[in-house]
Amino acid sequence: MRAADIRQKFLDYFRAKEHEIVVSSPVVPHDDPTLLFANAGMNQFKSVFTGQEQRAYSRATSTQKCIRAGGKHNDLENVGYTARHLTFFEMLGNFSFGDYFKTDACSWAWDLITNGFGLDPAGLWITVYHEDDEAREIWRDHVGVNPDRIIGLGEKDNYWSMGDVGPCGPCSEIHLDRGEAVSCGPKCELGVCDCDRWLEFWNLVFMQFEQRADGTKEPLPRPSIDTGMGLERIAQILQGKNSVFETDLLAGIADEVARLTGVPTSAGPEGTPHRVIADHVRSLSFAIADGAYPSNENRGFVLRRILRRAARYGYKLGVERPFIYEIVDHLCREMGDTFPELVAQREVIQKLIHSEEESFGRTLRKGMVRFEEDATAMRSSKTTVFPGDAAFFLHDTCGFPIDLTEQMARELDFTVDKNAFTSLMEQQRRAAQEDRAAKVGHAAGGDDPFAHLEPTNFTGYQVLTGEGSIVAVDGSADDLRVVLSSSSFYAEGGGQIGDQGTLTGPGFRVLVTDTQKNPSGVFVHRGRLEEGELSALTEGVSVNTQVDAERRLAIHRNHTATHLMHAALREVLGTHVQQKGSLVAPQRLRFDLSHFERITPEQVATVEDMVQREILRDTELQVVEQDRDEAIAKGAMAFFGEKYGDRVRVVEVPGFSTELCGGAHVQRTGEIGGFQIVLEGSVSAGVRRIEAVTGTGALARGREDRDVIRNLSGLLKVSREDVPTRIDALLAELKELKGGQKKGAAKDLVADLERVAEVSTHADVEIITAAFEGAEMDDLLQVADVLKRRSGARVFILASGVRFLVGHSTDLPKGRVHCGNVARDGAKAMGGGGGGRPDMAQAGGKDATKLAEAMTLMRTKVEESLG
């Protein structure tokens, strides 16, 4: 029986039992920010089970897309090594919301599997919760199961709860004994071992209690049923296969892996890569189709781990090019009829997987070579513990998730020094925490002098002035931190930067340069004492707060424009677009979004037009506080990993945008004025960045652009319309003139490098400075390309005349030296400017006589960065 027939037979059976067939909810639970992925059929009915939602039916059946690869339920490490574990699977289920209970649930399950699917009762076993005598009696007396085949197990195996509090109850599982041929040994028993002999394929949960916070359980007034049967497992049984990977759901995908890699699949260890990739491409495809996105946080990080695990198995099969994305076509053919979202999102899925494969591919070989070198050294020294610092290098430099390194180590019978790895990760985390803590004005690690205080009452949504009393003061007159009981100052959060302004009281005036918030919700006003004595700032003294109004109103414009742009981007690019980071400042807005390719100029223009239309509509914003679940159910966008209380603030531009947001906004969209996107670029794999300006900022940018065109028009002596054509012609002439010289010049510079370069080593990093005479920037860039690709950690500073560039090799870990900052400091020393990316930057000055001074300064900056 094909899996499609099994799926349909299950649904038809329960439809005949008056169950409503409910389509699968997305595997990405957008209405539940607490859940990584849908991991059970009951997820979409959670509010029905708890009584928060009423539906028109009291019985339901479904086939639910599920992913178990993170959090409490995580089967990732077992995939490919057992006959039954998957990260993606379909859960067939039937549900009763206070309707039928144990007797019908057990009777119907037995009837379907024995009469409907034709399973031999002699091979079936039942487990029940050891205290659930009622379930045991039903199976024995009502269904007719041999009592010797009913096993009582403890809470770990046969008791289910929704969480620490809420609905819970015993459960009963149906198992198939696959025979002694797959036994793990003489002590192989159901409930004792976890081998592939005992295949659990249907779990019946009896929700009959309410778990209280004090540990007590109260009987539910309307007990309910939640069952789940894995489609892949029942297909394995009915198709007579030895594993789920041999069923028609996965065998074809494994064969496609074999076709693309040229390596035949196998039921043994040689087929592990095929099985892993077959499973992982399903998880990735369904998650992306439902709006998830590989990233470095939360569910996005789980997807990135899955993809990199699959890519590494592709490497084991000898494939170093992106190829996993090619399997998506086969998956769409196999499952597209049942899940049309796969076909609808095929292009997005393929492009995103390809982008991630390509990105990881740049460091995969390097990481594998490094791992193999470390493993060889371990064998020589006869040690079996993979060093924690080596695992950290693979994680931090090569992008290997720690579970991938652990898997690779296990294959060689090694273990990873997880304690040392965790310690290094903690050091990195602590350093980042200290940077954040410094913004609030205290040391990290529990030294916050304001941690014990009550949260500050924020009054500044509608008014920019207010009153509050001093709760605490810390610091000096030049670096002052003040906490008030109430404040009209907005503390940095949700991408919106903190307010500036003044605090005035009897005999003193404080200039506030920043407002931050500690984890307890205490607003910390940072600044300096402008007037009066520090002693005047004492606890209980009344203070008048005055926010810099012009600055705040500019922030309002940019924040609301961010919401409009987010909605427009989802309309133009697709609903896979999600906010990955933002900055709302008075001068500009910055928005990082999930997207797999460059946003075209035409798409940028369309987004600008949509936002400008909404501005011209002059729509009044609707800002309300609502229950979180109600707001999300009405379509408000929420982001996984964000902490939302039971009550949330909803900011809506009616008919266009609705988001959960604690920030400050305009009252009407018309207040934004102009809107212009000024930058679109890449931040990391799968993440793009847009910067835009609004209001007078958009006007100023327009004037700047006009002036640039006017100046070019004058210099080139052509009309503004002919400027692009004239520039193209000049570039073509220049290229023709330099064509025969450039390649030879670059080669000469590389050959001349040893003669003119000054080379030193600092913190195990090679530092090269070299000044050439008469070299063009293109020549310097070609020399830089050679130095970047040479093995070894290296920073180089190359100069000619008043221009120079700073870069580092690919072997230098990210973050150790920011080349853009180094170049900027050097340019200032020569009376110029410039900067650039962390890994490569160009700059220039005006005074060539100060080149040597600038080179020395930049070398010093590099050494300081290296520590």
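Helices here are DSSP runs of H or I with at least four residues, numbered from the N terminus. By that numbering, A267 sits in the loop between helix 7 (251-261) and helix 8 (272-289). The model is predicted. A search of the whole structure finds 50 salt bridges, while the disulfide count is zero. The points below take up a loop residue, selected salt bridges, a surface patch and two cysteines.

**Loop residue A267**

- A267 is exposed because its relative accessible area, 67%, is over the 50% cut-off.
- Along the chain, A267 and Q500 are 233 residues apart.
- In space, the C-alpha atoms of A267 and Q500 are separated by 66 Å.

**Salt bridges within a helix**

- D12 and R15 join side chains in a salt bridge, with N to O at 2.7 Å.
- Both D12 and R15 belong to helix 1 (residues 3-16). They are three residues apart, about one turn of the helix.
- D12 is partly exposed, at 31% relative accessibility. R15 is also partly exposed, with a relative accessible area of 47%.
- E347 and K351 form another salt bridge, and their closest N and O atoms are 2.8 Å apart.
- Helix 12 (residues 346-381) holds both K351 and E347. The spacing is four residues, about one turn of the helix.
- K351 has a relative accessible area of 29%, so this residue counts as partly exposed.

**A salt bridge between distant parts of the chain**

- K366 and D811 meet through their side chains in a salt bridge of 3.0 Å, N to O.
- This pair links distant parts of the chain, with the two positions 445 residues apart in numbering. K366 is in helix 12. D811 is in the loop between strand 32 (803-808) and helix 22 (819-829).
- K366 counts as partly exposed at 25% relative accessibility. D811 counts as partly exposed at 24%.

**A salt-bridge network**

- Salt bridges link D474, D479, R481 and R526 in a network.
- Two of the members, D474 and D479, are Asp, which counts as negative. The other two, R481 and R526, are Arg, which counts as positive.

**A negative surface patch**

- E131, D133, E137 and E155 form a negative surface patch.
- D133, one of these residues, lies in helix 4 (residues 133-143).
- The relative accessibility of D133 is 45%, so D133 counts as partly exposed. That value also passes the patch cut-off, because patch residues need over 30% relative accessible area.

**Cysteines**

- A disulfide needs two cysteine sulfur atoms within 2.5 Å, and by this rule the count comes to zero.
- C106 is in no disulfide. The nearest cysteine sulfur belongs to C171, 11 Å away.
- C106 is buried because its relative accessible area is 0%, under the 20% cut-off.
- C819 is in no disulfide either. For C819, the nearest cysteine sulfur is that of C398, at 19 Å.
- C819 is likewise buried, with a relative accessible area of 0%.

Notes
Residues numbered from 1 in each chain as written. Predicted model: local features only at pLDDT ≥ 70, side-chain atom pairs only at ≥ 80, totals over all residues. Heavy atoms only, no water. Patch = residues over 30% accessible without salt bridge, like charges linked within 9 Å, V, L, I, M, F, W, Y side chains within 5 Å. Areas by Shrake-Rupley, 256 points an atom, 1.4 Å probe, with all protein chains shown as cover. Salt bridge = Lys/Arg side-chain N within 4 Å of Asp/Glu carboxyl O. Charge placed at Lys NZ, Arg CZ, Asp CG, Glu CD. Buried < 20%, exposed > 50% of the residue type's maximum accessible area, 1.4 Å probe, protein only.
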